[in-house]
Amino acid sequence: MKAARWYAAKDIRVEETTIPSPKENQVKIAVKFTGICGSDLHEYTHGPQLIPVDKPYALNGHQGTTTLGHEFSGIVEEVGKSVKNIKKGDRVTVEPIFKNPESTFITTGEYNLSEPLGFVGLTSNGAFAKYVVVEDYMVHKIPNSMTFEQGAIVEPAAVAAYAIQRSGMKMGDSVLITGAGPIGLLTVQVAVATGASHIFVSDLSENRLKKAKEVGATHTFDARDKDIPKQIKEITGQGVDVFIDAAGAQASFDTGINSLRNGGTAILVALFGKKLVHDALNHTLRELTIIGTAAYRNIFPQVIALISSGRLPVEKLITSTISLNNIVEKGFDTLVNDPSEVKILVDINR
């Protein structure tokens, strides 16, 4: 089968590779659509980051050349002999986090905190291929009312939904989202579904700010504007209740913290490339809460329900659908160079 295989930064090759077979507790899926994620892009531009190169991933022994892809949907092709409640022909999406069965975080339900951290398509071969094998606990059925394109966006939507959930956002709250990439825009959609009153979005791209308006932002700002906190406080009276950083830079963090009301909550969902400088005294005197979120946990069923009901129209964020053969030129390179692109899906059967 053909697969998009990572060898090194700027070296992804579409080549023939062996069709995988499921082990006792695994599921083989015939892939329909796979989204290109920001983490895939990071591996392409300056990886390896999560791909194990120097030593094998402890939970499965995977190392080195890797088929990327962890945002996907498909049809179950085959199940291992110990798999229950999943059968051939089921329409599914996948929650690609590996769980360490020996971790105490599994018993508390905080499985996203178990170590070593790993994901399908990073610490195992993923879904930029006709077939992929995953652990049975990762598989979630999707209803017939959900398209496979929507199913491929459940995973990033879960990142956004988990960020909103962890923020404690209530109906009528106001929120600032810095960064209008796929996660930022999905967070806008979840904030709309949650009942936010004011949804502010900042970004450097005019096209992405336009898209933010289309999916529910009430106000947008050029991220270079130094007066964003002042403007937000003029509109809200005291600042936003929730700030979600989906940009991951010192400037976006500072803008968000300065836009919060006293007692507000900041959620760090972006993967910050550099260390932050933070005024801890200001943090204390204003009683701010700052929370980091590691992907998601215990939220896929709710996200699937929201999408299938039409309350979370994630398909609006799909800007291109491409073939696997064109994944480097029309996928990775396009996302690096064209900020108007939001979510690019790979049609594995095209």
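Reader: I'm looking at strand β5, and I'd like to start with one pair. Which residue of β5 is the bridge partner of Val27?

Author: Happy to help! In this predicted model, Val27 has Val79 as its bridge partner in β5. That pair belongs to a longer ladder: strand β3, residues 26–35, is joined to β5, residues 71–79, by eight bridges. The two strands run antiparallel.

Reader: And what other strand is joined to β5, and by how many bridges?

Author: That is β6, residues 91–94, joined to β5 by three bridges, again with the strands running antiparallel. To find the spot, look for Ser73, which stands opposite Thr93 in β6.

Reader: Now the sheet with β9 to β14. In what order do its strands lie, and is the pairing parallel or antiparallel?

Author: Read across the sheet and you get β11-β10-β9-β12-β13-β14, six strands in an open sheet with parallel pairing. β11 and β14 (289–292) each have a single partner strand, so they stand at the edges, and one side of each has no neighbour in the sheet. On average, neighbouring strands here are turned by 15° against each other, if you ignore direction.

Reader: Could you show me one pairing inside that sheet?

Author: Sure, take β9 (residues 174–178) and β12 (residues 240–245), which pair in the parallel sense over four bridges. Within this pairing, Val175 has Val242 of β12 as its bridge partner.

Reader: Which helix lies across β12, β13 and β14?

Author: Helix α4, residues 154–167, does that, and it runs at about 150° to β13 (260–268).

Reader: Let's try helix α6. Which of its residues are buried?

Author: A residue counts as buried when its relative accessible area is under 20%. In α6, residues 206–214, that applies to Arg208, Leu209, Lys211 and Ala212. They share the same side of the helix, because they cover an arc of only 155° around its axis.

Reader: What do those buried residues pack against, and which exposed residues are on the face turned away?

Author: The buried residues of α6 pack against α5 (182–194), β10 (198–203) and β11 (219–222). On the face turned away from the buried side you will find the exposed residues Glu206 and Lys210.

Reader: What happens at the N-terminal end of α6, and what comes just after the helix?

Author: Ser205 caps the N-terminal end, with a side-chain oxygen 3.3 Å from the backbone nitrogen of Asn207. Just after α6 comes Gly216, which takes a positive phi of about 130°.

Methods:
Residues numbered from 1 in each chain as written. Predicted model: local features only at pLDDT ≥ 70, side-chain atom pairs only at ≥ 80, totals over all residues. Heavy atoms only, no water. Buried < 20%, exposed > 50% of the residue type's maximum accessible area, 1.4 Å probe, protein only. Arc of directions from axis to C-beta. Contact = heavy atoms within 4.5 Å. Polar contact = N/O pair within 3.5 Å; in protein donor to acceptor, adjacent residues only side chain to side chain. Pairing = 2+ DSSP bridges. Axes fitted to C-alpha atoms, helices over the stretch in contact; angles between N-to-C directions.
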